[in-house]
Amino acid sequence: MVKQYTIFIDFEFSMPQKNGVPKGFYPEIIEAGLAVVHNDEIIDQFSSYVRPRTFTVLTDRCKGFLKITQHQVDEGISIEALIDKFKEYDQRGKTTVVTWGNMDMKVLRDNCRRADIPFPFTGQFIDLSMEYKKFFGDQNQTGLWKAVKDYGKDGVGKHHRALDDALTTYNIYKLVEKDKQYLKKTPSTTIGDRIDLAQIMKKFAL
């Protein structure tokens with residue numbers, strides 16, 4: 001029997017200066033975090049900084065916003081090594097990849113294309129932010145940590161740390177799935193639940 005795994009992923013990307021975008025700039029993965037879940041249990045975690053291939057020097061804006069240093073990414077793994085790691089997870093069984101928003105997979109695909117590396121995942125993808133939006137009927141997409149606070153919970157660790165955000169995404173996933181199951185088990189309200197039939201019969205008997 002093929003095992004099923006759900007992989008929760010978050011990336012942090014390089015950023016240009018606000019007033020000086022270099023020609024040809026594109027976001028590169030500079031930190032990756034993931035949690036692998038099987039039978040509702042986290043069975044593996046992975047976290048690493050990643051060296052950018054093209055724009056190797058981080059901007060002051062990027063370092064200030066993400067609190068990531070140049071030394072950390074310089075000591076990180078290559079994009080090729082990151083993709084090899086993802087392939088290992090994908091080959092374990094049937095995988096579903098869950099992210100908060102669609103940007104992570106878009107940037108991963110673009111980074112793979114630019115490095116001439118095949119995309120590593122073969123399974124289903126879920127944008128949990130859209131699932132959350134549909135479930136609660138929100139007009140706009142909600143940020144990851146706002147969503148978890150709306151549930152009355154706290155995020156894991158620090159925001160904009162890749163592994164912490166991946167684990168926070170998993171926590172919201174569990175909360176949403178629990179609510180979905182609750183609604184499925186709740187019986188539909190009938191007209192008899194909303195009116196007192198005994199009183200109506202008494203009225204017509206008069």
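Is Asp 60 buried or exposed? Asp 60 counts as exposed, at 56% relative accessibility. Buried here means under 20% relative accessible area, exposed means over 50%, and partly exposed lies in between (1.4 Å probe, protein chains only).

This is a predicted model, in which local features need pLDDT of at least 70 and side-chain atom pairs count only at pLDDT 80 or more, while totals for chains, interfaces and linings use all residues. Residues are numbered from 1 along each chain as its sequence is written, and side-chain values use heavy atoms, with hydrogens and water left out.

## Overall architecture

The protein has nine helices and five strands. Helices (H or I, at least four residues) and strands (E, at least two) are DSSP runs, numbered from the N terminus. Read from the N terminus, the order is β-β-β-α-α-α-β-α-β-α-α-α-α-α.

The protein has 206 residues, and 43% of them count as buried. Its accessible surface comes to about 12500 Å². Carbon and sulfur atoms hold 52% of that surface. Areas come from the Shrake-Rupley method with a 1.4 Å probe; for residues, only the protein chains shown count as cover.

A contact means heavy atoms within 4.5 Å. Take the contacts between residues at least 6 apart in sequence: 68% of these join residues at least 24 apart.

## Salt bridges

The whole structure holds seven salt bridges. Each is a side-chain nitrogen of Lys or Arg within 4 Å of a carboxyl oxygen of Asp or Glu. Three of the pairs are tabulated here.

| Pair | Closest N to O distance |
|---|---|
| Arg 161 and Glu 31 | 3.1 Å |
| Asp 60 and Lys 63 | 3.7 Å |
| Arg 114 and Asp 110 | 2.8 Å |

Arg 161 bridges to Glu 31. Arg 161 sits in the loop between helix 6 (144-150) and helix 7 (162-185), and Glu 31 is in strand 2 (residues 29-38), so the pair ties together parts that are 130 residues apart in sequence. Both ends are covered: Arg 161 is buried at 18% relative accessible area, and Glu 31 is buried at 4%.

Asp 60 pairs with Lys 63. The two lie three residues apart in helix 1 (residues 60-66), a separation of about one helical turn. Asp 60 is exposed, and Lys 63 is partly exposed, with a relative accessible area of 30%.

Arg 114 pairs with Asp 110. They are four residues apart in helix 4 (residues 103-115), again about one helical turn. Arg 114 is partly exposed at 37% relative accessibility, whereas Asp 110 is buried at 18%. The pair belongs to a network of salt bridges that links Asp 110, Arg 113 and Arg 114.

## The cavity

Rolling a probe the size of a water molecule over the atoms shows where empty space is left. On a 1 Å grid over the protein atoms alone, a cavity is a set of points where a 1.4 Å probe fits but cannot get out. Grid points are joined across faces, edges and corners, and a volume is the space filled by probe spheres set on the points.

How many cavities of 30 Å³ or more are there? The count is one. The largest cavity has a volume of about 60 Å³. Its lining residues, which have an atom within 4 Å of a point, are Tyr 26, Glu 28, Ile 29, Arg 51, Pro 52, Arg 53, Ile 79, Asn 111 and Arg 114. By class, four are nonpolar, one is polar and four are charged. Ala, Val, Leu, Ile, Met, Phe, Trp, Tyr, Cys and Pro count as nonpolar, Asp, Glu, Lys and Arg as charged, and the others, Gly among them, as polar. Arg 114 thus appears in the cavity lining and in the salt-bridge network.

## Loop residues

Most residues other than glycine have a negative phi. Asn 39 has a positive phi of about 55° although it is not a glycine. Asn 39 lies in the loop between strand 2 and strand 3 (41-49), and is exposed at 64% relative accessibility.

Asp 116 also has a positive phi, of about 60°, and is not a glycine. Asp 116 is found in the loop between helix 4 and strand 5 (124-127). Asp 116 is exposed, at 69% relative accessibility.

Ile 117 lies in the loop between helix 4 and strand 5. Ile 117 is buried, at 15% relative accessibility. Leaving aside residues up to four places away in sequence, Ile 117 touches Ile 79, Glu 80, Ile 83 and Cys 112. Ile 117 and Ile 83 are 34 residues apart in sequence, and their C-alpha atoms are 8.0 Å apart. Ile 79, touched by Ile 117, also lines the largest cavity.

Notes
On a 1 Å grid over the protein atoms alone, a cavity is a set of points where a 1.4 Å probe fits but cannot get out, and a pocket is an open set with protein on both sides within 12 Å along at least five of seven lines; lining residues have an atom within 4 Å of a point.
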